[in-house]
Amino acid sequence: MKNDRYSIFSLLRETLRGQTGWKPVWRDAAPQASYDVVIVGGGGHGLATAYYLARRYGIRRVAVVEKGWIGNGNIGRNTTIIRSNYLLSGNVPFYECSMKLWEGLEQDINYNAMVSQRGVLNLFHNDAQRNAYIRRGNAMRLHGVDAQILDVEAVRRRLPFLNYDAARFPIRGGLLQKRGGTVRHDAVAWGYARAADRLGVDIIQNCEATGIRMREGRVVGVETSRGFIGAGRVGLSCAGNSSRVAAMAGLRLPIESHVLQAFVSEGLKPFIDCVVTFGAGHFYISQSDKGGLVFGGDIDGYNSYAQRGNMPVIEDVCEGGMALMPRIGRVRLLRHWAGLMDMTMDGSPIIDRTPVDNLYLNAGWCYGGFKATPASGLCFAHLIARDEPHPVAKAFRLDRFGRGAVIDEKGMGAQPNLH
Amino acid sequence: MRLNCPCCGPRGVEEFTYRGDATVRRPAPDAAASDWVDYVYLRDNPAGWHRELWYHAAGCHAWLVVTRDTRTHEIADVARAVDIARQDRENAGS
């Protein structure tokens with residue numbers, strides 16, 4: 001709260017002082033006996049939830065309990081892409097809300113998250129795919145989201161090195177969302193953690209939730225590896241492990257945990273100026289500000305909590321890359337990692353109350369959780385503070401599966417590994 | 001990851017298609033709607049041993065029940081689904 005705002009003046013002051021005055025970005029808090037709200041899971045969504053609870057809903061006695069350390073989960077394991085190019089009306093307003101929050105995030109939390117609206121370009125390779133993308137683009141524009149169809153010449157001007165005339169998958173054009181782009185993922189975790197901490201939120205690391213204590217159908221607190229923490233309300237925000245944590249409250253979820261791999265190459269001079277996705281296979285790529293190519297593809301496709309994948313998917317991703325841009329064939333891989341995805345039965349997330357009073361669930365982000373971070377935090381904070389869904393997240397109900405109101409962007413049915 | 005197919009021997013996982021939890025059982029046609037919702041949508045999703053269905057699409061076309069640790073990808077057992085189903089029927093009959 002004190003004079004620790006980042007600005008040109010703090011930068012100059014520290015330059016003159018030899019950078020000796022910087023403080024830790026958040027306190028290493030020890031758990032208190034009780035809080036108004038305890039958030040289980042210190043990932044991007046949990047931290048954002050705590051921040052918006054304190055900032056927008058005036059609830060300051062908030063703790064975030066995290067089993068590891070801040071930034072170790074999926075907030076540090078994704079491919080940093082933000083976009084709101086969705087088709088279904090249950091999804092578009094939510095992801096557009098997120099995009100608008102990204103656009104003002106750095107001023108809001110006073111932290112440089114390197115939000116870069118460099119554009120997201122989804123390529124199409126045949127007439128049917130063009131029609132599908134035109135439909136998607138129209139759906140986006142009807143919701144007030146920017147979208148434009150580029151013909152092949154416009155794509156070629158922007159990315160002259162793609163494999164345009166491949167015999168099987170010639171490039172016919174693409175759907176461009178100019179406001180899409182990338183964000184420095186770790187900075188999102190650190191920035192939200194710092195901003196929440198400044199508002200008095202306790203961020204408690206190395207504190208694993210081991211049980212959810214209930215009395216008469218109502219949650220009263222969380223058992224943790226650092227003792228019991230009483231809570232008026234508890235929010236579960238631990239995608240990847242949602243089923244395990246929800247099971248502590250006796251809930252079974254429409255979720256399977258799957259593993260998704262991601263990759264980064266050695267640093268290269270800048271040559272890809274937007275996010276590009278291959279339409280004939282599952283492959284997406286961008287170039288980080290350090291020059292590394294950041295890319296990924298499909299989930300491995302089987303239940304896993306291992307945070308590591310297998311070779312066939314690596315091969316599949318690289319084949320997609322080679323089919324799209326053969327010039328990356330001699331680039332060396334620098335790092336490769338994996339994270340756990342809450343894959344739901346319809347491919348869409350859940351932000352809802354649970355059958356247990358005062359217990360709230362934020363789960364099922366499949367492999368699209370990063371771009372949702374700000375809106376997920378805002379909507380979950382709204383739900384916890386007001387006990388009613390935020391208008392843009394009102395379709396993300398836990399009971400939608402039983403009601404037949406699924407939000408199935410891909411139309412794949414109840415098979416998590418196909419979403 | 002390799003699966004030791006009872007018909008074909010050890011094969012790379014890329015030959016197989018995954019179909020999820022092998023322990024869920026289809027309810028009777030006239031069962032309550034909530035039983036059907038459970039069957040179609042809800043899963044235990046354990047971190048640990050998991051019995052799951054794999055189809056040997058690029059091999060013998062057998063459906064297999066694999067017992068695998070989801071934390072380590074260690075595989076304890078691979079059996080033909082048809083044998084498991086027969087066993088289930090015999091257990092139900094006896």
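## The mixed sheet of chain A

In this predicted model, helix α8 (residues 311–324) of chain A lies across four strands of chain A, namely β12, β13 (275–278), β14 (283–287) and β15. The helix runs at about 135 degrees to β15(A).

The strands beneath this description belong to an open sheet of eight strands in chain A, ordered β5-β6-β4-β13-β14-β15-β12-β16, with mixed pairing. The edges are taken by β5 (148–151) and β16 (333–344) of chain A; each has a single partner strand, so one side of each is left without a neighbour in the sheet. From one strand to the next, the twist averages 25 degrees. Within this order, strand β4 (residues 120–124) and strand β6 (residues 173–177) of chain A pair in the antiparallel sense over five bridges. There, A:Val120 has A:Gln177 in β6(A) as its bridge partner.

## Two crossing helices in chain A

Helix α3 (residues 92–109) and helix α9 (residues 369–386) of chain A have axes that come within 7 Å and cross at roughly 100 degrees. The two helices are therefore roughly perpendicular to each other. Residues of α3(A) in this contact include A:Phe94, A:Leu101 and A:Trp102, and those of α9(A) include A:Lys371, A:Pro374 and A:Leu378. By class, the contact comprises ten nonpolar, one polar and one charged residues.

## The annotated span of chain A

UniProt, in an unreviewed entry, places the feature "domain: Rhodanese" at residues 37–81 of chain A. The end C-alpha atoms of that span lie 30 Å apart, and the span is 27% helix and 20% strand.

## Strands β4 to β6 of chain B

In chain B, strand β5 (residues 63–69) pairs with strand β4 (residues 49–55) in the antiparallel sense over seven bridges, and β5(B) also pairs with strand β6 (residues 75–80) in the antiparallel sense, over five bridges. B:Val66 in β5(B) stands opposite B:Glu52, while B:Arg68 has B:Ile75 in β6(B) as its bridge partner. Five residues lie between the strands in the hairpin of β5(B) and β6(B), where B:His73 takes a positive phi near 70 degrees.

The side chains of β5(B) alternate. B:Leu64, B:Val66 and B:Arg68 point to one face and are buried, whereas B:Trp63, B:Val65, B:Thr67 and B:Asp69 point to the other face and are not buried.

## Contact between the chains

The contact takes 21 residues from chain A and 20 residues from chain B. On the side of chain A, the elements giving two or more residues are α7 (242–247), β12 (255–267), β15 (292–303) and α10 (400–403). That side has ten nonpolar, eight polar and three charged residues.

Methods. Residues are numbered from 1 along each chain as its sequence is written. Chains are lettered from A and ligands numbered from 1 in the order in which they are written. This is a predicted model: local features need pLDDT of at least 70, side-chain atom pairs count only at pLDDT 80 or more; totals for chains, interfaces and linings use all residues. UniProt positions are given in the numbering used here, feature names are shortened, and annotations may be inferred rather than shown by experiment. A residue is buried if 20 or more other C-beta atoms lie within 10 Å of its own, exposed if 12 or fewer, and partly exposed in between; C-beta atoms are placed from the backbone. Two strands pair if DSSP finds at least two bridges between them. Axes are lines fitted to C-alpha atoms, for helices over the stretch in contact, and angles run from 0 to 180 degrees between N-to-C directions. Angles under 35 degrees count as roughly parallel, over 145 as roughly antiparallel, 65 to 115 as roughly perpendicular and the rest as oblique. Two residues are in contact if their C-beta atoms, placed from the backbone, lie within 7 Å. Ala, Val, Leu, Ile, Met, Phe, Trp, Tyr, Cys and Pro count as nonpolar, Asp, Glu, Lys and Arg as charged, and the others, Gly among them, as polar.
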